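Work through the exercises below with the structure in view. Each task is followed by its solution.

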Amino acid sequence: MELTREIAEKALEEANKANPGPWYEHSKYVALACQNIASRCQDMDEDLAYVYGILHDIGRYAGVTSEKHLIDGYRYCVERGWKKAAQICISHALARYVKEAVYDDYDYLVQLCDALALPTGFCLLEKRFVDVTIRYGTHPATIERWKAILGIKEHFEKKMGCSIYDCLPGVIENSFR
């Protein structure tokens with residue numbers, strides 16, 4: 001089955017029915033952030049970026065399972081023939097475990113946008129870092145992950161020629177609520 005915006009949005013709707021939660025709105029904002037940033041990068045397709053963003057947490061359809069949602073999302077996408085979306089389900093949080101995969105800017109874009117979106121809208125990276133840390137705690141790779149995300153931010157800002165925050169409506173208001 002070909003992966004389109006409409007199919008990805010329908011998949012997200014069905015997944016939300018199976019396990020409603022704030023992850024649903026978060027996924028929608030990740031998709032919009034991916035689309036907005038990709039639209040300012042000459043070598044990226046904004047519709048494809050949107051699709052990958054909207055599906056990055058699709059594994060949450062299976063319930064509240066912590067990091068197992070990454071594997072559930074991978075399987076969900078593989079079953080439908082969505083190879084790159086399957087990879088992104090894992091690479092947005094477990095890149096170190098998928099050594100054979102070739103990462104491209106779509107993988108990095110979803111990693112970045114996952115850290116820019118709360119269920120209530122776009123936010124500064126640091127606010128999302130704290131949000132996730134409060135909910136899940138820290139682990140030995142937390143600081144390195146933050147550094148990697150900040151490096152990805154710099155990469156996309158160079159490609160765009162502006163701050164990533166310039167294309168995320170409401171980021172300031174949502175960050176300081």
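**Exercise 1.** In which crossing, left-handed or right-handed, does H6 pass H8?

Solution. The model is predicted: local features need pLDDT of at least 70, side-chain atom pairs count only at pLDDT 80 or more, and totals for chains, interfaces and linings use all residues. Residues are numbered from 1 along each chain as its sequence is written, and side-chain values use heavy atoms, without hydrogens and water.

Helices are DSSP runs of H or I with at least four residues, numbered from the N terminus. H6 passes H8 in a left-handed crossing (the near helix is turned anticlockwise from the far one by less than a right angle; clockwise would be right-handed). Their angle is about 115 degrees, on a scale from 0 to 180 degrees between N-to-C directions. The axes, lines fitted to C-alpha atoms over the stretch in contact, lie 9 Å apart.

**Exercise 2.** Which residues of H2 and H6 make their contact?

Solution. Take contact as heavy atoms within 4.5 Å. H2 (residues 22-38) gives His26, Val30, Ala33, Cys34, Ile37 and Ala38. H6 (residues 105-114) gives Leu109, Val110, Leu112, Cys113 and Asp114. The crossing of this pair, H2 and H6, is right-handed.

**Exercise 3.** What is leucine 109 in contact with, leaving aside its neighbours within four places in sequence?

Solution. The partners of leucine 109 are Cys34, Ile37, Ala38, Met44, Ala49 and Phe156. In the contact of H6 with H8, Leu109 is again among the H6 residues, and Phe156 is among those of H8.

Note on methods:
Helices (H or I, at least four residues) and strands (E, at least two) are DSSP runs, numbered from the N terminus.
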